Amino acid sequence: METGEIRDGTIGKATDAPRRGTPAPAPWPAPLPGGCSLSNSNAPHATLPVRPTDRAVRAGCRALAGLWWLLGLRRASGVLRHYLSGTGAPYVLDVTTLAALPPVRAAVNARLMAAETGVWSGTDDWRDIHIAPSTSLDWWLAVDAIQYRVVRPNPRYYRVEFRKTWNPDRGEPGYGIPFARLARLHETGAAREFTATGRTGYLPR
């Protein structure tokens, strides 16, 4: 049984399948069907005409992703660059540091305690958690809010799985500009929404 940090060559890269010889991950949300938006009112991918302002926003986002990288905000930079790549391919997050954040650890410990009292067993339900900028600016920019669940095959070990649909929604602000402008990048084909997932290795309780 694997323990400790996940060691997978696909961490932080787009991937459609697990590395050969490793167990398949638990089911994640399927790739966005036909480029259509999920859980928001955005138009389908590449259905709106490109305007000069869209090109300017995309150029600004590329510069922002580069700046974040130079500032050490590597996870935020990675997901923004993947959005701008326009592939829509699933993206694997290196969640080692995410799982170690105090609010995430507290939430996971609470679920483990609930499992130990018989509230649930095996695989927990998906739950939402918000990462505040004061907790981790990098993870706040990368995911803001993300879903997690605890998998506990036996009382001695557990792992934490995460998932996020990275689809900026109209009407919400983000990165200092309205999300509507980020959403238009998807709608014009200059970027594409995607699902981001990650999981820890099995950890001792």
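Visitor: What joins S4 to S5, and through how many residues?

Guide: A hairpin does the joining, through 2 residues. The model is predicted, and residues are numbered from 1 along each chain as its sequence is written. Local features need pLDDT of at least 70, side-chain atom pairs count only at pLDDT 80 or more, totals for chains, interfaces and linings use all residues, and side-chain values use heavy atoms, leaving out hydrogens and water.

Visitor: What makes S4 and S5 strands in the first place?

Guide: They're DSSP runs: a strand is a run of E with at least two residues, a helix a run of H or I with at least four, and both are numbered from the N terminus. S4 spans residues 145–154 and S5 spans residues 157–166. The chain comes to 6 helices and 9 strands.

Visitor: How do you know that S4 and S5 pair?

Guide: Pairing takes at least two bridges found by DSSP. S4 and S5 have 6, in the antiparallel sense, so they pass. One of the bridges matches Asn-154 with Tyr-157 in S5.

Visitor: Which other strands pair with S4?

Guide: S3 (residues 127–130) is joined to S4 by 4 antiparallel bridges, with His-130 partnered by Ala-145. S2 (residues 122–123) also runs antiparallel to S4, over 2 bridges, so it meets the minimum of two. There, Thr-123 stands opposite Val-151.

Visitor: Why is the Trp-166 and Phe-194 pair called stacked?

Guide: Rings of Phe, Tyr and Trp (its six-membered ring) pair if their centres lie within 6.5 Å; planes under 30 degrees apart are stacked, over 60 edge-to-face, the rest tilted. By that rule there are 3 aromatic pairs. Trp-166 and Phe-194 sit 5.6 Å centre to centre with 10 degrees between the planes, so both tests come out in favour of a stacked pair. Trp-166 lies in S5 and Phe-194 in S8 (residues 194–199), so the pair ties together parts 28 residues apart in sequence. Ring pairs also link these two with Tyr-83 and Tyr-91 in a cluster.

Visitor: Why are Trp-166 and Phe-194 called buried?

Guide: Buried means under 20% relative accessible area, exposed over 50%, and partly exposed in between (1.4 Å probe, protein chains only). Trp-166 has 5% and Phe-194 has 0%, so both count as buried. Across the 205 residues of the chain, 45% are buried.

Visitor: How do you know that Arg-74 lies over a ring?

Guide: The rule wants NZ of Lys or CZ of Arg within 6 Å of the ring centre and within 35 degrees of the ring normal. Arg-74 lies over the face of Trp-69, at 4.0 Å from the ring centre, so the distance test is satisfied.

Visitor: What makes a set of residues a nonpolar core?

Guide: Its members are buried Ala, Val, Leu, Ile, Met, Phe, Trp, Tyr and Cys, joined through side-chain atoms within 4.5 Å. The largest one here has 43 residues, with Leu-93, Leu-98, Phe-162 and Leu-185 having the most contacts inside it. Helix H4 (residues 102–116) gives it the most, 6 residues.

Visitor: What does Leu-185 touch beyond four places in sequence?

Guide: Contact means heavy atoms within 4.5 Å, and the list for Leu-185 includes Val-57, Cys-61, Tyr-83 and Asp-54. Asp-54 is in helix H1 (residues 52–70) and is buried at 4%. Its own contacts beyond four places include Arg-184 and Thr-188.
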